[in-house]
Every structure is written in structure tokens, then in C-alpha cells.
Amino acid sequence: MLLHIPNVLDAEQVAHFRQRLAGAGWADGKLTAGYQSAQAKDNAQLPGADPVAKELGGRVLDALGRSPLFFSAALPRRIYPPLFNRYAGGQSFGFHIDNAIRYDTGPGGSQVPVRTDLSSTLFLSGPDEYDGGELVIQDTYGTQRVKLPAGDLLLYPGTSLHQVTPVTRGERVASFFWTQSLVRDAGQRRELFELDLAIRSLTAAQPGHAALVQLTGVYHNLLRRWSDA
Ligand code: NI
């Protein structure tokens, strides 16, 4: 499932991100790529330890915390700290599948594995600022080409083959990160998301309907059955 989540950041926040990122210490994106993806990857990336990456990554996590849609669709257990990349001058990232496990630094310098069930791209450049730079994803329903307004996020399966096409004009700046879900199976996660959307819609249309208690109970009992917390 591909899910477009609009307005994760508002225009003022996007402007702040762009201003902070313009003067940041960008490095070659190959430094963090796996062996196969290093062959395909040509972009600039902000090292995770960079203070700007840490500050803005924290703001992304705050924004996600305010998004019921992200929570409902991803059911996050762990989120790998958001990173930032930039493409310009013909740069691209050819077809690849992201590494299955990322290691985040936990308490006392321990390495905490994060299984990359879901990938996210938070667009920070508007579609009119650059040519090319489409996120192309081979989904079960065919190939999807995605280019969203600045501040909008695309959530897509970590299992999918994807690429970023060459940026032939301007620059494309984005944040990206991975989420380990409480519900590992994408099909079960999808059913829970659909059920949650239906309950919300019914709550708005028929507040206080007796069946809502039952449906909400079913949602939580399925989540209890399918999650590993
Ligand atoms: Ni990728």
C-alpha cells in the first residue's frame, strides 16, 4: 500500500527546514549505502550525527506524533532517526530495495535493530522547483510515479523495489526514514488501517452508535493478536 499523507509540515516549517539544510554539512550519499545500493546511489546526504540532521530529524518525529493518519497506517514500534538527502545536476538513485535492518544507537551506545517494514519520504522541495526526481515504486498494483508537494509524506512498503529518477533541473531535498511496525505483516496492517478508517468515519456520521463499542473492541483485539510490542 502506498499512502500519501498531506501537510506533515506546514509552509513555515518547510521554509525553516530548507534554510537550515542549505548551510548544512552535506556528504556523499554512497557513505551510508549497502554494497549493491552504492552502485546505484548518486546523491548528497547529511550524516546522521550532524547537528542539523539531529535537530530537524527530531522535528520530523514531533510532526509524525501529531499525525493520526501516520500512526494508524504505520502502527510504529520504532522509527529510525530521519535522514536528509539532496539530488541536483542529474543525480539519481537507481532501482534498489532498502536494507532489511538498520541499527540505531540506543542507551549506552548499544545498537538497536530497526526492521524496515515501512519506508517514508517527506518531500521538502515543491514539484515546481525541479525536473525529474520522481520516486518510482514497483507496487503490487504496478509502477507508481510519485512527486508530492513540499511538506507531504509518502509511506510505502520497505519490501518494494524503488528508484529516484535523475534530477535534471533545480534540486530535490527530502527527508527519509524507516519504521518498524508493531504489526509485521503488511496485509494485517492494511486490514487494521481500513478498520480504523471505517470506525472514524462511522464515529463522525453516527456518534454514540452502540456498534462502535463492538467495532473498536474488534480493532483492539485484532491488534493484540497481530502485534508484537
Ligand atoms: Ni531506498
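Reader: Which residue in strand 13 stands opposite Leu 135?

Author: In this predicted model, strand 12 covers residues 135-139, and five bridges join this strand to strand 13, residues 142-146, with the two running antiparallel. The two strands form a hairpin with two residues between them. Within this pairing, the residue opposite Leu 135 is Val 146.

Reader: Is strand 12 largely enclosed by the rest of the structure or largely open, and why?

Author: Besides its hairpin partner, strand 12 pairs in the antiparallel sense with strand 15, residues 161-164, over four bridges, and there Gln 138 stands opposite Leu 161. A residue counts as buried when its relative accessible area is under 20%. Because four of the five residues of strand 12 are buried, the strand is largely enclosed.

Reader: Which helix gives the most residues to the largest nonpolar core?

Author: The largest nonpolar core has 29 residues, and those with the most contacts inside it are Leu 21, Phe 84 and Leu 153. Several elements each supply at least two residues of this core, among them helix 1 (11-22), helix 3 (51-65) and strand 17 (171-181). With six residues, the element that gives the most is helix 3.

Reader: Is Ala 210 buried or exposed?

Author: Ala 210 has its place in helix 6, residues 210-226, and its C-alpha atom is separated by 51 Å from that of Thr 165, which is 45 residues apart from it along the chain. The cut-off for exposed is over 50% relative accessible area. Since the relative accessibility of Ala 210 is 63%, this residue counts as exposed.

Terms used. Residues numbered from 1 in each chain as written. Predicted model: local features only at pLDDT ≥ 70, side-chain atom pairs only at ≥ 80, totals over all residues. Heavy atoms only, no water. Buried < 20%, exposed > 50% of the residue type's maximum accessible area, 1.4 Å probe, protein only. Pairing = 2+ DSSP bridges. Core = buried A, V, L, I, M, F, W, Y, C linked by side-chain atoms within 4.5 Å.
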